[in-house]
Amino acid sequence: MLGIVLLIAYLAVAPLVSAVAIGSAYEAGVRAEHHEAATFHRVHATVTKVTYRIGTYHVTVDWTAADGKRHTGDYSTARGTIVGRHPKVWADTKHVSDEPPQKHAGTVGDTAAVAALAPLAMSLPFLGAYALLRHRYDQRRYQLWEDEWAQYDDQHSNS
């Protein structure tokens, strides 16, 4: 009976929480798209230094901005490169990255992942509660079973 109550509670709560999570993920993605499109620009950079540490390349690049000022920036990547190369990088006033600004397809993909995972994540507390209740009531049932067998043995051993 408690399993049915937990299922009904899950079916009542999960769609609402999932809808909020999906909406939040989409809104955050759209905000990131607009922010990155407005601030990050593709720059023609030259690699000046590369160091490698535990599966990650730390790359230093130099570039000249549209206003004529020279800039230097660092980023980490899994892609290897060498000094003198001209990687595709995007920069704003403080950061440089080899990842392009977020596109709408990325926002849609992230939102789809949230849509797929939110109901699963919501089910975990309900499944955990069900497992704990089931264990408790199974233990109680086993004890009652043992008590009945002990009572049966007492009644038939005196005969």
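This is a guided tour of a predicted model, stop by stop, for use with a viewer.

Residues are numbered from 1 along each chain as its sequence is written, and side-chain values use heavy atoms, with hydrogens and water left out. Because the model is predicted, local features need pLDDT of at least 70 and side-chain atom pairs count only at pLDDT 80 or more, whereas totals for chains, interfaces and linings use all residues.

**The strands**

Begin by selecting residues 41–53 and 56–64, which are strands E1 and E2; they run antiparallel and are joined by eight bridges. Helices (H or I, at least four residues) and strands (E, at least two) are DSSP runs numbered from the N terminus, and two strands pair if DSSP finds at least two bridges between them. E1 and E2 form a hairpin with two residues between them, and in the turn Ile-54 has a positive phi of about 45 degrees.

Next, select residues 70–77, strand E3, which pairs with E2 in the antiparallel sense, again over eight bridges. Here Thr-64 stands opposite Arg-70 in E3. The hairpin of E2 and E3 has five residues between the strands, and Gly-68 in its turn has a positive phi of about 90 degrees.

**Tyr-52 and Tyr-57**

Return to the first hairpin and show the side chain of Tyr-52, which stands opposite Tyr-57 in E2. The two form an aromatic pair that is tilted, at 4.8 Å centre to centre and 55 degrees between the planes. Rings of Phe, Tyr and Trp (its six-membered ring) pair if their centres lie within 6.5 Å, and planes under 30 degrees apart count as stacked, over 60 as edge-to-face and the rest as tilted. Tyr-52 counts as exposed at 52% relative accessibility, while Tyr-57 is partly exposed, with a relative accessible area of 24%. In these terms, buried means under 20% relative accessible area, exposed over 50% and partly exposed in between (1.4 Å probe, protein chains only).

**Along helix H2**

Now select residues 104–157, helix H2, whose 54 residues reach 78 Å from the first C-alpha to the last, close to the 80 Å expected at 1.5 Å a residue; the expected span is 1.5 Å times one less than the number of residues. At Leu-117, shortly before the proline Pro-119, there is a kink of about 30 degrees, the bend being the angle between axes fitted to the seven residues ending there and the seven starting there.

Colour the buried residues of H2, among them Thr-107, Ala-118, Met-122 and Phe-126; the buried residues of this helix pack against helix H1 (2–39). For a single example, centre on Thr-111 in helix H2, which counts as buried at 11% relative accessibility. Leaving aside its neighbours within four places in sequence, Thr-111 is in contact (heavy atoms within 4.5 Å) with Ile-22, Ala-25 and Tyr-26.

**Aromatic residues of H2**

Farther along H2, select Trp-145 and Trp-149, which lie four residues apart, about one turn of the helix. Trp-145 is exposed, with a relative accessible area of 51%, and Trp-149 is partly exposed at 41%. Add Tyr-152 to the selection, since Trp-145, Trp-149 and Tyr-152 form one aromatic cluster.

**Arginines over rings**

Finally, show Arg-42, which lies over the face of Trp-90 at 5.5 Å from the ring centre, and then Arg-136, which lies over the face of Tyr-137 at 5.4 Å from the ring centre. A charge sits over a ring if NZ of Lys or CZ of Arg is within 6 Å of the ring centre and within 35 degrees of the ring normal.
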